[in-house]
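Please look through the structure below, beginning with the chain as a whole and ending with single residues in its loops.

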Number of protein chains: 2
Amino acid sequence: MTDLPHKPLPLDGHTVFFVSDGTGITAETFGHSVLTQFDLRFKQIRLPFIDNIDKAHDACKKINEAFAEKGLRPIVFSTLVRADFAKIIRQAHGVHMDLIQTFVEPLEQELGVKSTHTVGRSHNTADTQAYRNRIEAINFSLAHDDGQSHKNLSTADVILVGVSRSGKTPTSLYLAMQFGIKAANYPLIPEDFERGKLPSALYAFKGKIFGLTIAPERLSEIRNERRPGSKYAALENCRYEVNEAEAMMKRENIRWLSSTAKSIEEISTTILQEMKTDVEINW
Amino acid sequence: MTDLPHKPLPLDGHTVFFVSDGTGITAETFGHSVLTQFDLRFKQIRLPFIDNIDKAHDACKKINEAFAEKGLRPIVFSTLVRADFAKIIRQAHGVHMDLIQTFVEPLEQELGVKSTHTVGRSHNTADTQAYRNRIEAINFSLAHDDGQSHKNLSTADVILVGVSRSGKTPTSLYLAMQFGIKAANYPLIPEDFERGKLPSALYAFKGKIFGLTIAPERLSEIRNERRPGSKYAALENCRYEVNEAEAMMKRENIRWLSSTAKSIEEISTTILQEMKTDVEINW
């Protein structure tokens, strides 16, 4: 693996808390979006499942202890649905970023209805159809990883193709886990290039195919981590495979993008946009 | 699959937009947390990658069109780092839930430094070490799914055990994808129960083992979806396996939880808490 430039950021004295009556994943995801806007590192503490008064008081105490220790107000990102729990947390000496309370009230006014203030309602709840669809999509994507199975390809939402190690597997799993998309993936291999045709199982589903490509230099790096010094990883071979795969995708009129500088989140979001899959946002 | 009670919620007339200069996943995740507090459904539109002035004006136009069509102000969840883009969006007729702008300014004051206002800085960025760790964790978890490999178990952060279909695989993948945790998983099978011992490869790593169990009734349902009418899926057999697995986990002093009513997000967060894995929150 190429070493990335690694300049450690200065450690800031403020402790950061993520407080939630659920998993805290929303608070944490959002908190990171905001904190990465500062060139600082922070000590970070998760306080999930704060779902009764005692736990709320305990969380309040922990925040105050961090304040006493550092002499700086901790930064508190919270997603607490219950106003009474949120009130207890706000009594702590902290800088409060109270996500739910900040936005629910203006929404109540606009919608003209009261919110239910029910804990555990988010997509993280196991007993909804949407959740079961996500689990089904994960199982589908795993069963259809790397061209393992041709069964039920007709029920796939997307079929990713690309050379080995172009990013198909993590993207398929992310599409399934985040969006409930059934994503199969098929490798394009030298035999396909010699035949000059896509794997034959795919022709019936051309409208669902999306291609991933990757810079040969990056591909060679990734493959060398797996099989150092192999022909498979050699730059010349990677150039050949990538050229052939791109030529095939052009010829077959397949939409594609380069995964080289993109995260699985960026690749997945782009695929959803490009495919214009009318995927219901169904949480 | 058991049919869940499915009472369709009334469709509200407000259109919901998720606007971001990145993938919009933070805006969407957060927006859903808030919207699920209302017993309403909404038409939802993603506008990711709004990263130049033209796209910002275009997004503004789309929001205004939804307003003109419905006569109700659209609800706009946005995570825009650039203040100039955020200003353009705010000119649209909408109820603006501007996540970054709302919280960055108070943070700047508290921290005494200016934010960088840099687009694409979140965990969704491919060129950070933290991102590469997540991809490495996904590859590790896939290679160590279902007891496939004993190799490199010493580098696992967590090893999940439990009967077949107790939720080990999706949990392992979620731990890897969300938290960059290397999670192996091992099935507990009838042969293990007869021997009365854990799979022998695991004894060297007992401190990392975490168990999943599940209500036999739910297990039987899940297995019947896969292999209807099989002995594998029979309630009596599920009862036997779950009893044996729980007895073994007690005997071996393994921490465990029931996945029956929990989502993979809840299971994963609980495991992190219980294991007290000093996992750096390292985005």
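Domain bounds, as used here, come from an automatic or database domain assignment. For chain A of this predicted model, that assignment gives domain 1, covering 11-111, and domain 2, covering 129-275. The centres of domain 1 of chain A and domain 2 of chain A, taken over C-alpha atoms, are separated by 39 Å.

The overall dimensions of chain A can be read beside this division. Its C-alpha trace spans about 70 × 45 × 30 Å along the principal axes, and its radius of gyration is 24 Å, where a compact globule of 283 residues would have a value near 19 Å. Chain A contains 10 helices and 8 strands, and 55% of its 283 residues count as buried. Among the contacts in chain A that link residues at least 6 apart in sequence, 69% join residues at least 24 apart.

Turning to the surface, chain A exposes about 12400 Å², of which carbon and sulfur atoms supply 50%. Chain A carries 35 positive and 36 negative charges, and the mean positions of these two groups are 2 Å apart.

Chain B offers two details of the backbone. Most residues other than glycine have a negative phi. Phe49(B), however, has a positive phi of about 55 degrees although it is not a glycine, and this residue lies in the loop between strand E2 (41-47) and helix H2 (53-70) of chain B. Asp146(B), also not a glycine, has a positive phi near 55 degrees, and it is found in the loop between helix H5 (129-143) and strand E5 (158-162) of chain B. Asp146(B) counts as partly exposed because its relative accessibility is 46%, a value between the limits of 20% and 50%.

How values were computed
Residues numbered from 1 in each chain as written. Chains lettered and ligands numbered in written order. Predicted model: local features only at pLDDT ≥ 70, side-chain atom pairs only at ≥ 80, totals over all residues. Heavy atoms only, no water. Helix = DSSP H or I, 4+ residues; strand = E, 2+ residues; numbered from the N terminus. Rg over C-alpha atoms; globule rule 2.2 N^0.38 Å. Buried < 20%, exposed > 50% of the residue type's maximum accessible area, 1.4 Å probe, protein only. Contact = heavy atoms within 4.5 Å. Areas by Shrake-Rupley, 256 points an atom, 1.4 Å probe, with all protein chains shown as cover. Lys, Arg positive; Asp, Glu negative; His and termini not counted. Charge placed at Lys NZ, Arg CZ, Asp CG, Glu CD.
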